[in-house]
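This briefing is meant to be read with the sequence and the three-dimensional model at hand. Please keep both in view while working through the points.

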Amino acid sequence: MDAAEAPQKATTGPHIKNLSKLRELLWAQKRELEEPDTPEIEFTYKDSDSYLTEISEFYSYLEHTEFLEYRLSYEEYKLRIGGSDDYHFWSQSTKQEHKKIILRLLDDLDSANSVVRDSSCQALLYIAQGVFGECNTEEMLQKWAIDNCFLLYEYQIFQACIHNLGREIDAVFFGEDQIIDINCSKRISIVVSIGNNDNPLDSHNQVLKDTFIYELGRPIPPGNEILANTLFEMTLKFCSGSLSEISIKKTLLLLWKTILVSLGGTNELHRLKQEALQAANLEEWKDDKTLPNVLPLKPQFPSFLMSSADTLTDLNREPKADERGKFTNKTTLLKPKVRQNDIDNFLEKARLKFLGYTLDGDNCTDAGLPTSIIEGLKVLKLYLYVSLGEWQVKNEEKLTRDANQNIFQDEVTDNPTEALYQSLLPKIQQYMIALLKVLLVASPTTKSKSESFNIMVEVIPKVAAPSSMRQTLKVAVDAERHKEIIIEAISAILLLLLKHFKVNHILQFEHMAQNLVFANCIPLILKHLNQNLVNVLTVKDSGTENFEFPACVLSQSNILAHENKESPAYSWRGIFSCINLTRILQKLTKWKPSRIMMLVVFKSVPILKRALKLKEDTLQLYLLKLIKPQTRFLGRNWRKSNMKVISMIYQRVRHHLNDDWAYGVDQDSRPWDYQMEESNLRAQIERFNNRRYTDLKTDILPECLPYDNNWISVLAKEMHFADNFIKHYEDWLDNEVYHRNINWDSIRTS
């Protein structure tokens, strides 16, 4: 009996279960080690790609046949005004002759003859493209394109395109969508050539560039609307179906470049932040000595552990360079930060533990506390960091409490970001939903559904023709490229707006971020990242590179040379989009416990961990920042089996001194406080908008204004009376006030 039961107990005991779990863990680690290792990606993250790449993204593969029409329109116009004997190439003409041609084409834009208008639009676009018929190399075409765009702006061609935008939108309803595409192409060429031009310019062109950037962020007549707001409105109409024939890709690209040029890129953001910090008397947080990063993601063998032991024990040692000049010891040293909320929590717990009481609002008194606690408090205060957003929130609370300061001391800065926010405020929720709708349709993980709009209008041929295998392949590759460009543009638009609103005022950023969260932006971004990024972002040799601009319009020898160039291992466009979406997700969830719990509920950690296999430094950094706040909710087993991810977070992500992110319990929030957190934030945003933009909202949304019960603001309003009332004012007082008995006690009690 005992002998028979012994094998059964041996196969069902707790030790056998633990052994099976250990076996599963070892098999999982073995499968992970056997996965093919991906090389590190040398990627430069910047605001935009090269000039010719940006211009080529604006045109689809089907449009290369239309470039010849633009050239013929220009040459026919030259022959018509000068004849065959007086024909000169654009590159051989003088600047005065260029001015004469541009001004005559500008006059033809207002012609009553539609054929003349269309021909002049095509000729002007050919000039903006760099007169490719006279160019032999890409460098030559780029030079003429930039110079011509400066001339077109100087002679009011860009202003004429903006002035005719309303008429072009009306023409779409009558099936004349080609004109709006041609003028949109001229706009994007001028914006990219002038606004994103970092090359040294002469004094004349530098003045033109500064004027162009200033005008692009201001209301433009005749509608007195900012161009970015007009493009947002076009996107909204496209999603609603009332403007479904426009090219949404060109509209979004023009919107992206307009925001980038008018508001500024990374360097301008840094300058604006420095000015805002100085105005608030705050110091910039400077990190310690920074060394190249990072430890490899794939687990290594004991040789790696032995070589990196000195690195882990002595972080202040200078890195050593190998024979190729590259650093072998890679570590990033980031100075830790401490928030004021962290100090308050630390003091509250210490007082409760040692003294048995708390002092609300007092973060200085240390009487009665042990020496170790006092020393710890000094260390925390040494690393105290007050962000610009925290200062702006406290200042806003002060302005809201004090009505006198609200009226006289709140100065709204006049800058392009403020002007754009005021123009977007009445419909910002609808604009964000429209962008996310287009992003959802363009995402490669989205299944085909019947939508009210079609983002493939310019990719699918309008006229059915017999298709060969090459034609079918070209359309398929162009459709995939079309979706990638749309995702790139939307991710860049959202990130730019969030960054600029955050610098301008934190509550503007919170308003936009909350609208994105309520529109399900978080699961949408996770859905996009939930794919094998290593395979998706790999550039495939499809043989369609010669259909891109400018390769499709240059000579045959240059086309072959362009085809023989070595393609990058990964798509710049795809990596740029993934980094932008990851940064947007990190900005939406940073220091927001309720939104971090949304990431946990949506099971984002496996998605983010899979994306870590793409070894790009910037992308991995923000992925780790997203994983870090979720770690305390994942349990001990997950931490034991993902120690390399924990190590990467320790090494690469900035930490707070008393933040027990990996093993502690979140002290800042409780599950029942999540809904209250978003409600309080929304109430704070509404108070900010109602106080700061009351005049703007009264003109547009009077029914959405709350009742004003502040006696100071009510008495400060200017009242307008009719002329008849002013004339008989004394009679009104005599009849309605002096000789009328009013029981004020009954009115007060009722």
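The points below cover the overall fold, the cavities, selected helices, two buried residues and the backbone geometry.

The model is predicted. The protein chain contains 39 helices and zero strands. Of its 750 residues, 44% count as buried.

**Overall fold**

- Among contacts in the protein chain between residues at least 6 apart in sequence, 77% link residues at least 24 apart.
- Aspartate 478 and tyrosine 61 illustrate a pairing across the sequence: they are 417 residues apart along the chain, while their C-alpha atoms are 6.3 Å apart in space.

**Cavities**

- Four cavities of 30 Å³ or more are present in the structure.
- The largest cavity encloses about 50 Å³ of space.
- Tyr51, Leu52, Ile55, Ala128, Gln129, Leu141, Ala145, Ser189 and Phe549 line the largest cavity.
- Two helices, α3 (51–57) and α7 (138–154), each supply at least two residues of that lining, and α3 gives the most, with three residues.
- By class, the lining of the largest cavity comprises seven nonpolar and two polar residues, with no charged residues.
- The second largest cavity has a volume of about 40 Å³.
- Its lining consists of Leu165, Cys184, Arg187, Leu231, Met234, Thr251 and Leu254.
- Helices α10 (177–195), α12 (227–240) and α13 (248–263) each contribute at least two residues to the lining of the second largest cavity.
- Five nonpolar residues, one polar residue and one charged residue make up the lining of the second largest cavity.

**Helix packing and burial**

- The axes of helix α28 (residues 572–589) and helix α29 (residues 593–601) come within 8 Å and cross at roughly 130 degrees. Because of this crossing angle, α28 is oblique to α29.
- The contact involves Leu585, Leu588 and Thr589 from α28, together with Arg595, Ile596 and Leu599 from α29. Four of the residues in this contact are nonpolar, one is polar and one is charged.
- Helix α25 (residues 521–529) has seven of its nine residues buried, so this helix is largely enclosed by the rest of the structure. The buried residues of α25 are Cys521, Ile522, Leu524, Ile525, Leu526, His528 and Leu529.
- Helix α33 (residues 643–652) is mostly covered, with seven of its ten residues buried. The buried residues in α33 include Lys644, Gln651 and Arg652, as well as Val645, Ile646, Met648 and Ile649.

**Two buried residues**

- Where is serine 56 found? Serine 56 belongs to helix α3.
- Serine 56 counts as buried because its relative accessibility is 5%, the cut-off for burial being under 20%.
- Apart from neighbours within four places in sequence, serine 56 contacts Arg481, Glu548 and Phe549. Of these contacts, Phe549 also appears in the lining of the largest cavity.
- Aspartate 478 is placed in helix α23 (residues 469–504).
- With a relative accessible area of 2%, aspartate 478 is buried.
- Not counting residues up to four places away in sequence, aspartate 478 touches Ser60, Tyr61, Leu62 and Val459.

**Backbone geometry**

- Most residues other than glycine have a negative phi, and most peptide bonds are trans. The following sites are therefore worth noting as departures from that general pattern.
- Phenylalanine 549 and proline 550 are joined by a cis peptide bond, with omega at about 5 degrees.
- Proline 550 lies in the loop between α26 (533–536) and α27 (556–563).
- Valine 131, although not a glycine, has a positive phi of about 40 degrees.
- The position of valine 131 is in the loop between α6 (114–128) and α7.
- Is valine 131 buried or exposed? Valine 131 counts as buried, because its relative accessibility is 0%.
- Asparagine 520 is another residue other than glycine with a positive phi, near 65 degrees.
- Asparagine 520 is located in the loop between α24 (506–518) and α25.
- With a relative accessible area of 48%, asparagine 520 is partly exposed.

Conventions. Residues numbered from 1 in each chain as written. Predicted model: local features only at pLDDT ≥ 70, side-chain atom pairs only at ≥ 80, totals over all residues. Heavy atoms only, no water. 1 Å grid on protein atoms, 1.4 Å probe; cavity = no way out; pocket = protein on both sides within 12 Å on 5 of 7 lines; lining within 4 Å. Points joined across faces, edges and corners; volume = space filled by probe spheres on them. Helix = DSSP H or I, 4+ residues; strand = E, 2+ residues; numbered from the N terminus. Nonpolar A, V, L, I, M, F, W, Y, C, P; charged D, E, K, R; others polar. Axes fitted to C-alpha atoms, helices over the stretch in contact; angles between N-to-C directions. Parallel < 35°, antiparallel > 145°, perpendicular 65-115°, else oblique. Contact = heavy atoms within 4.5 Å. Buried < 20%, exposed > 50% of the residue type's maximum accessible area, 1.4 Å probe, protein only.
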